[in-house]
Amino acid sequence: MGEEKTPVTLKTILIGNSGVGKSSVMNRYVDNRFTNMYRATIGTDFFSKAVRINGNTVTLQIWDTAGTERFQSLGTPLYRGSQCCMLVFDVTSLTSFSALEMWRKEFLVQGEPQDPEDFPFIVLGNKTDLSNREVSRRKAMQWCEEIGAEYFEGSAKEDLDMEKPFLRAAELGLQQYKKHTLENTGHFQITCEQPRETRNTCEC
């Protein structure tokens with residue numbers, strides 16, 4: 001009988017200012033749904049979704065966090081254990097884009113990744129369906145090059161390019177998982193079992 005394989009769960013956390021569409025992005029990707037009714041995230045919310053990477057199935061656990069100062073104190077326990085961080089901004093709001101550096105630094109301090117220099121960040125510009133754009137693709141990509149992040153943009157409302165950033169987050173997260181699992185245990189295994197999609201909320 002072969003050795004039992006340990007299921008792999010990859011944690012990706014979405015951070016950014018309130019109102020940029022983090023919940024909409026997550027809901028569009030996981031459930032393919034969108035609502036125009038805005039409801040601020042209270043505390044945290046997360047989904048788990050099965051993702052295929054190079055023929056293997058892993059569980060991508062996507063955490064949506066509140067983007068208001070009231071809940072920033074929750075960041076310390078929530079950021080830890082992440083394999084990838086997705087910085088989300090609204091392309092029609094220069095303020096939300098400018099705040100990403102603050103969010104990135106906060107994650108590195110509070111999340112305490114094992115290898116900060118090599119930790120994967122993905123930057124996602126949302127609301128590209130709107131015409132009053134304040135942040136150009138070129139400007140966003142230039143900043144991403146400076147910090148070593150990968151850039152994606154799209155629209156949760158119109159379902160434009162919402163899958164690509166999450167699949168890339170899963171790929172980068174798996175690389176992190178393999179790297180640190182090998183460093184800590186000397187071996188790595190992956191399961192091909194199909195996890196069920198789940199949703200959990202925390203209103204702290």
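Which residue follows H5, and what is the sign of its phi? Gly-148 follows H5, and its phi is positive, near 75°. Bear in mind that this is a predicted model.

Let me stay with H5, which covers residues 137-147. Its buried residues are Ala-140, Trp-143, Cys-144 and Ile-147. They span an arc of only 100° around the axis, so they sit on the same side of H5. Arg-138, Glu-145 and Glu-146, on the other side of the helix, are exposed. As for what the buried side meets, those residues pack against S4, S5 and S6, and against helices H3 and H4.

Now the nonpolar cores. The largest has 28 residues, and those touching the most other members are Leu-10, Leu-14, Leu-60, Ile-62, Met-86 and Phe-166. Several elements supply at least two residues each, including S1, H1, S2 and S3. H6, residues 163-185, gives the largest share, six residues. Apart from this core lies another, of 25 residues, and Ala-140 of H5 is among them, as are Leu-78, Val-123 and Val-135.

Back to Phe-166 for a moment. Leaving aside neighbours within four places in sequence, Phe-166 is in contact with Leu-14, Val-25, Met-26, Tyr-29, Leu-60, Ile-62 and Met-86.

Last, the strands. S1 and S3 run parallel and are joined by six bridges. Leu-14 stands opposite Asp-64 in S3. Why is S3 described as largely enclosed by the rest of the structure? Because nine of its 10 residues are buried.

Methods:
Residues are numbered from 1 along each chain as its sequence is written. This is a predicted model: local features need pLDDT of at least 70, side-chain atom pairs count only at pLDDT 80 or more; totals for chains, interfaces and linings use all residues. Side-chain values use heavy atoms; hydrogens and water are left out. A nonpolar core is a set of buried Ala, Val, Leu, Ile, Met, Phe, Trp, Tyr and Cys residues joined through side-chain atoms within 4.5 Å. Buried means under 20% relative accessible area, exposed over 50%, partly exposed in between (1.4 Å probe, protein chains only). Helices (H or I, at least four residues) and strands (E, at least two) are DSSP runs, numbered from the N terminus. Contact means heavy atoms within 4.5 Å. Two strands pair if DSSP finds at least two bridges between them. The arc is that of the directions from the helix axis to the C-beta atoms.
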